[in-house]
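Colleague: Could you take me through one part of this model in detail, the metal sites, and then show me how they sit in the rest of the chain? Take your time over it.

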Amino acid sequence: MGNKAYKDLHISLGLCVDCSERALPDNIRCIKHKTIHNSFMVKYMRDLKKKRNREGKCSDCGIGLDPDIDNGYVRCQNCREELYFVGV
Ligand SMILES: [Zn+2]
Ligand SMILES: [Zn+2]
């Protein structure tokens, strides 16, 4: 992991970046690794949101919440108004 050229090569050949099986159409991973990656990401995001809630941070972007503006919310004003950038 972390070898960008290797990853780019796999992507350009339509191969999974985690093994070398054929990737799913419009995806960078094969069905097996896509499933693994998705469940990992779901768990990761859930833990991250819990952690941010505990720390009084926006559960989506992680910036500190304002006790006046964001009182009672788990997301900051930007995220509530959906102005945030959705990373892919
Ligand atoms: Zn794979
Ligand atoms: Zn936010």
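Modeller: Sure. This is a predicted model, and I'd start with the spacing: the donor residues of the zinc ion (ligand 1) follow C-x2-C-x10-C-x2-H in sequence. Cys19 and Cys30 both lie in the loop between helix 1 (4–13) and helix 2, so this pair ties together parts that are eleven residues apart in sequence. The full set of protein donors is Cys16 (SG), Cys19 (SG), Cys30 (SG) and His33 (ND1), and they lie 1.9 to 2.3 Å from the zinc ion (ligand 1). As for geometry, the angles among the four donor atoms run from 102 to 114 degrees, and the site is tetrahedral. Cys30 counts as buried because its relative accessibility is 6%, and the cut-off for buried is under 20%.

While we're in that loop, have a look at Asp26, which also lies between helix 1 and helix 2. Its phi is near 60 degrees, a positive value in a residue other than glycine. Most residues other than glycine have a negative phi, hence my pointing it out. Asp26 is exposed, with a relative accessible area of 82%.

Now the other metal. The zinc ion (ligand 2) is held by four cysteines, with Cys58 (SG), Cys61 (SG), Cys76 (SG) and Cys79 (SG) coordinating at 2.2 to 2.3 Å. Its donors are spaced C-x2-C-x14-C-x2-C along the chain. Cys61 and Cys76, both in the loop between helix 2 and helix 3 (77–80), are 15 residues apart, and the pair links distant parts of the chain. The arrangement here is tetrahedral because the four donor atoms subtend angles of 105 to 115 degrees, and the test asks for all angles between 85 and 135 degrees. Within that pair, Cys76 counts as buried at 2% relative accessibility, whereas Cys61 counts as partly exposed at 33%.

The loop between helix 2 and helix 3 also holds Asn71. With a relative accessible area of 61%, Asn71 is exposed. If you want a distance to check on screen, the C-alpha atoms of Asn71 and Gly56 are separated by 9.9 Å, and the two residues are 15 apart along the chain.

Then there's the helix between those two loops. Helix 2 covers residues 31–54 and includes Tyr44. Tyr44 belongs to a nonpolar surface patch of about 370 Å², together with Phe40, Met41 and Met45. Tyr44 itself is partly exposed, at 42% relative accessible area.

Finally, step back to the whole chain. The protein chain has three helices and zero strands, so to read it from the N terminus you just go α-α-α. For a compact globule of 88 residues you'd expect a radius of gyration near 12 Å, but this chain has 18 Å. The box filled by the C-alpha atoms is roughly 50 × 20 × 20 Å along the principal axes. Of the 88 residues, 17% are buried, with Cys30 and Cys76 among them.

How values were computed
Residues are numbered from 1 along each chain as its sequence is written. Chains are lettered from A and ligands numbered from 1 in the order in which they are written. This is a predicted model: local features need pLDDT of at least 70, side-chain atom pairs count only at pLDDT 80 or more; totals for chains, interfaces and linings use all residues. Side-chain values use heavy atoms; hydrogens and water are left out. Patches are made of residues with over 30% relative accessible area and no salt bridge: like charges are joined within 9 Å, nonpolar side chains (Val, Leu, Ile, Met, Phe, Trp, Tyr) within 5 Å. Accessible areas come from the Shrake-Rupley method with a 1.4 Å probe; for residues, only the protein chains shown count as cover. A salt bridge is a side-chain nitrogen of Lys or Arg within 4 Å of a carboxyl oxygen of Asp or Glu. Helices (H or I, at least four residues) and strands (E, at least two) are DSSP runs, numbered from the N terminus. Buried means under 20% relative accessible area, exposed over 50%, partly exposed in between (1.4 Å probe, protein chains only). Donors are N, O and S atoms within 2.8 Å of the metal (3.2 Å for Na, K and Ca); water is not among the atoms, so sites may look incomplete. Four donors count as tetrahedral if all angles lie between 85 and 135 degrees; four count as square planar and six as octahedral if opposite donors are over 155 degrees apart and all others between 65 and 115; anything else is irregular. The radius of gyration is taken over C-alpha atoms; the globule rule is 2.2 Å times the number of residues to the power 0.38.
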